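Subject: The model and some notes on it

Hi,

Here is the structure I promised to pass on to you. Please open it alongside this email, and then read on for the notes.

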Amino acid sequence: MSALTSFYNRFAFFYPLVDIFLKPQKKKFFNEINQLPHGKLLEIGVGNGSHFHLYQRHQITGIEISSAMLNTAKKHSDGTIALFEMNGEELTFEPETFDYVVLSHVVAVAQHPEKLITQCHKVLKPGGKLLILNHFTPNNWLKYVDRAFNLFAGLFQLKSLFYIHHIKAIERFKPEKEIDLKPFAYFKILMLVKS
Ligand SMILES: C[S@@+](CC[C@H](N)C(=O)[O-])C[C@H]1O[C@@H](n2cnc3c(N)ncnc32)[C@H](O)[C@@H]1O
């Protein structure tokens, strides 16, 4: 079992506390997702699934690497979401299966983001969309906070200093939309299209 999986298995109990801070952004994120035409959607790293009620359309499949997080997610599902224990860096779905892939606060946590984004590209249909919600280190004073916290961030299995353009596989997508979220545009929603 990887360090990340074992961290989230232990951390699952406390995750609702973290979730309090993530809720407002997720509301906006899933609101954007609900505007998109109905399609087959894969969410990677569903966490505890407390946001499942925000989905208003789409045929949803969710995967999670931590069994503890997944067990809680199952309790939040009304049965319409297909849930599997699976690593997003080694997806077992057929290529070109999904219209949308969702990464909500996952890309800066993934152990091998290059592999994760490559797998997202593989399972998306041509013209399919990759939808990302995450913090991105901005070019303002917050970069010093990210830099300082990065020394400890490994303890929490995340990268606080995080630049999307460091992931080469992201170049296989065309940027479609970028939405800055408060505070300080530290969090963003990215919509990218498989080209
Ligand atoms: C910060 S939490 C975010 C959870 C949820 N998406 C949210 O927005 O609240 C990151 C989640 O991604 C999961 N995760 C990280 N890497 C993963 C991978 N390679 N495959 C599947 N799940 C992964 C972790 O186990 C954890 O539950």
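Below is what I found, beginning with the ligand and moving on to a few single residues. One thing to keep in mind throughout is that this is a predicted model.

**The ligand and its surroundings**

The ligand occupies the largest pocket. Two elements give two or more residues to the shell around the ligand, namely α1 (3–11) and α2 (15–35). Of these, α2 contributes the most, with three residues. In total, 21 residues surround the ligand, and the closest are Y15, K26, G45, E64 and S104.

Nitrogen atoms of the ligand come up in several polar pairs. One pair has a ligand nitrogen 2.7 Å from a polar backbone atom of G45. Another puts a ligand nitrogen 3.3 Å from a backbone N or O atom of I65. With N87 the partner is in the side chain: an N or O atom there is 2.8 Å from a nitrogen atom of the ligand. As for cover, the ligand taken alone exposes 600 Å², and the protein buries 97% of that.

**A residue in a strand: T61**

T61 belongs to strand β2, which spans residues 59–64. T61 counts as buried because its relative accessible area is 12%, under the 20% cut-off. Leaving aside residues up to four places away in sequence, T61 touches L41, L42, E43, A82, F84, F93 and F98.

**Two residues with positive phi**

You may like to look at H58 and E96 in your viewer. H58 is not a glycine, yet its phi is positive, at about 85°. H58 sits in the loop between β1 (40–44) and β2, and with a relative accessible area of 9% it is buried.

E96 is not a glycine either, and has a positive phi of about 55°. You will find E96 in the loop between β3 (82–85) and β4 (98–104). Is E96 buried or partly exposed? At 44% relative accessibility, E96 counts as partly exposed.

**A loop residue: F156**

Last comes F156, in the loop that links α5 (142–153) and β6 (173–181). F156 has a relative accessibility of 39%, so it counts as partly exposed. Its contacts, not counting residues up to four places away in sequence, are F7 and F149. The C-alpha atoms of F156 and D78 are separated by 30 Å, and the two residues are 78 places apart along the chain.

Happy to go through any of this with you.

Best wishes

Note on methods. Residues are numbered from 1 along each chain as its sequence is written. This is a predicted model: local features need pLDDT of at least 70, side-chain atom pairs count only at pLDDT 80 or more; totals for chains, interfaces and linings use all residues. Side-chain values use heavy atoms; hydrogens and water are left out. Helices (H or I, at least four residues) and strands (E, at least two) are DSSP runs, numbered from the N terminus. Buried means under 20% relative accessible area, exposed over 50%, partly exposed in between (1.4 Å probe, protein chains only). Contact means heavy atoms within 4.5 Å. A residue is near a molecule or strand if one of its heavy atoms lies within 4 Å of it. A polar contact is a pair of N or O atoms within 3.5 Å; within protein, one must be able to donate a hydrogen and the other to accept it, and residues adjacent in sequence count only if both atoms are side-chain atoms. Accessible areas come from the Shrake-Rupley method with a 1.4 Å probe; for residues, only the protein chains shown count as cover. On a 1 Å grid over the protein atoms alone, a cavity is a set of points where a 1.4 Å probe fits but cannot get out, and a pocket is an open set with protein on both sides within 12 Å along at least five of seven lines; lining residues have an atom within 4 Å of a point. A molecule sits in a cavity or pocket if more than half of its atoms lie within 2 Å of its grid points.
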